[in-house]
Amino acid sequence: MATASDSPASALATDPAGATAALEGDALRGSGSPEIAFFDVETSVPQRAGQGYALLEFGAILVCPRRLVVVASYATLVRPADPASAVSAASVRCNGITRDAVSGAPPFCDVADAVYDLLNGRVWAGHNIVRFDSARIREAFAEIGRPPPEPKGLIDTLPLLTQRFGRRAGDMKMASLANYFGLGKQRHRSLDDVRMNLEVLKYCATVLFLEASLPEVLTVENLVERAITRSQANGSASPEAPKPEANSSTDSSKRQRTVCPADGVLPEGGNQGTGDPSTSRESVALVSHMEEMKLDTTTQMDASSSGYSGFLEPDDISTEYIKISVAPLHQFGRRSSVQHKGSPLQLCSAGLKVQFGVNTRFLDNAGQPKLNIVVDIPENLSKVLEFCDDLARRSSQESGSTSEWRPLVKKYGYVNGPTVRLNIPTTVSGDSAIYSTDICQKEPSGNIQKLVFSNVDATELDSLFVRGSKVDAFFSLEVYDYQQNAGIRLVAKRLVVHSN
């Protein structure tokens, strides 16, 4: 049902957080009005080829462009022609809107006047509205035989922020941006999403303004460089690895090899190397924090990246000390993490057999190949991960989450042995992207070579992680709950591939 009166003249409800009253009468009609209309639609999920989208909800806020405050809001559920066929289980998982919820809602023809008056002649704003939301509005008006509203201008924050802010938040979807700024989980309800859209835009603009004001101080690269310089001045840095030679790699023009110390790499026996005990914790923590800003927001840097001393082998884990830590995230949600003895749990395991390498046929939501590999894991690691998975699942259910839990450990093949997926994150700086994971190669002689990649290339990565090869893995456990899917994601911090 609509959140305001059924009368078009008062269809905009006063925003509870706003400072001004709702627009009334002629002020509702957008032609020539200065307010920006942020809007979002929720639709059904098509289940077969040729089936279109059914509009289930429309929500909008009017924003003063000078003060960026919400002056009015409007939201309504919409009853599709056939709720029984339009609202599938997949649709409910996506946005939570059920058949019962829309059965008592008005059809679009009853709210079309309010939607038209709200949008027509105003600047439209939203996340991915050019490709999706605007198209759905036009389809809805076409179905009732009416001309659609026309915008005075369009602000699509998806391409805008991707261009100006860069891909700091991974795929730059609203959920990823909200998570990046700690705003919590996206609810996929129209009015909540447009409010979140506005907050994300404010945060991005603030960061860019600060960086432009003090570029020599506030850019990520400068902060990291200064922290490393201070760490080296204190004598705490690891010995500098020799620079890669121009022709050091004959098998690829994109990858160069540099021999590096094998401190953090597991030897065949599985014993873990130790980091330099004199490492300055303050400097390393600052470097880690700044690097985290450059990664996909679900990825956290290791607290001792030079030696990987914070990673534990499965036999070093006491399950009685594993806990799920939950921290509130403003008004939108919470963030969960897997802890062991009060610290984020990070694991390492040697000689894992690659079952499936990087497959370029599978794409992520940004249209890029999914960078992950599937590896067999030993029984002791499987028990630890299954314990964590069960603990996190129960915590998610107790919190009231309705998302479908995705098991962490899966079994494939005739042997039916346990496997996990190791994700390889990337970070974008300007127009280029690099792997956030340290990728090394272990020669038969035992030498460890760090592989330096000039850019992200899924095909080249697939040629490195071939099926049957062995890899030493250092990884973190990260709990996610996104678009009605939840689980634990394993993020590779360091991968050491064994040469045949």
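Colleague: Which residue stands opposite His498 in strand 20?

Modeller: That's Lys442. Bear in mind that we're looking at a predicted model. Lys442 belongs to strand 17, residues 438-442.

Colleague: How do you know that strand 17 and strand 20 pair?

Modeller: Count the bridges: 5 of them join strand 17 to strand 20. Pairing takes at least two bridges, so these two strands qualify. They run parallel.

Colleague: What makes strand 14 a partner of strand 20?

Modeller: The cut-off is at least two bridges, and 2 bridges join strand 14 to strand 20, so they count as a pair. They run parallel, and Leu422 has Leu490 of strand 20 as its bridge partner. Strand 12, residues 404-406, is also joined to strand 20, in parallel, through 3 bridges. There, Trp405 stands opposite Ala486.

Colleague: And how many bridges join strand 19 to strand 20?

Modeller: 12, and that pair runs antiparallel. Ser476, for one, has Val491 of strand 20 as its bridge partner. The two strands form a hairpin with 2 residues between them. Gln483 sits in that turn and has a positive phi of about 50 degrees.

Colleague: Where is Gln484?

Modeller: In the loop between strand 19 and strand 20.

Colleague: Why does Gln484 count as buried?

Modeller: Its relative accessibility is 14%. Buried means under 20%, so Gln484 makes the cut.

Colleague: What does Gln484 touch, leaving out residues up to four places away in sequence?

Modeller: Arg93, Cys94, Thr402, Ser403 and Glu404.

Colleague: Why is the link between the side chains of Gln484 and Thr402 called a polar contact?

Modeller: The distance is 3.3 Å. The limit for a pair of N or O atoms is 3.5 Å, with one able to donate a hydrogen and the other to accept it, so this pair is listed as a polar contact.

Colleague: Back to strand 20 itself. What makes you call it mostly covered?

Modeller: 12 of its 14 residues are buried. For the protein, the buried share is 46% of 500 residues.

Colleague: Which residues touch the most other members of the largest nonpolar core?

Modeller: Leu385, Phe465 and Leu477, in a core of 42 residues. Among the elements that give two or more residues to this core are helix 12 (379-398), strand 14 (417-423), strand 19 (470-482) and strand 20 (485-498). There's also a second, separate core of 24 residues, which includes Val41, Leu55, Tyr74 and Trp124.

Colleague: What does Leu385 touch, again without residues up to four places away in sequence?

Modeller: Leu347, Ile377, Leu408, Val409, Val420, Phe475, Leu477 and Leu490. Leu385 is one of the buried residues of helix 12. That list also has polar side chains in it, including Ser382, Asp389 and Ser395.

Colleague: How do you know that the span of helix 12 agrees with what it should be?

Modeller: Helix 12 has 20 residues, and at 1.5 Å a residue it should span 28 Å. The expected span uses one less than the number of residues. The end C-alpha atoms are 28 Å apart, so the two values agree. Just after the helix, Gly400 takes a positive phi of about 95 degrees.

Colleague: And for the whole protein, how many helices and strands are there?

Modeller: 13 helices and 20 strands. Of the contacts between residues at least 6 apart in sequence, 66% join residues at least 24 apart. The protein exposes about 24400 Å², with 50% of that supplied by carbon and sulfur atoms.

Definitions and conventions: Residues numbered from 1 in each chain as written. Predicted model: local features only at pLDDT ≥ 70, side-chain atom pairs only at ≥ 80, totals over all residues. Heavy atoms only, no water. Helix = DSSP H or I, 4+ residues; strand = E, 2+ residues; numbered from the N terminus. Buried < 20%, exposed > 50% of the residue type's maximum accessible area, 1.4 Å probe, protein only. Contact = heavy atoms within 4.5 Å. Areas by Shrake-Rupley, 256 points an atom, 1.4 Å probe, with all protein chains shown as cover. Core = buried A, V, L, I, M, F, W, Y, C linked by side-chain atoms within 4.5 Å.
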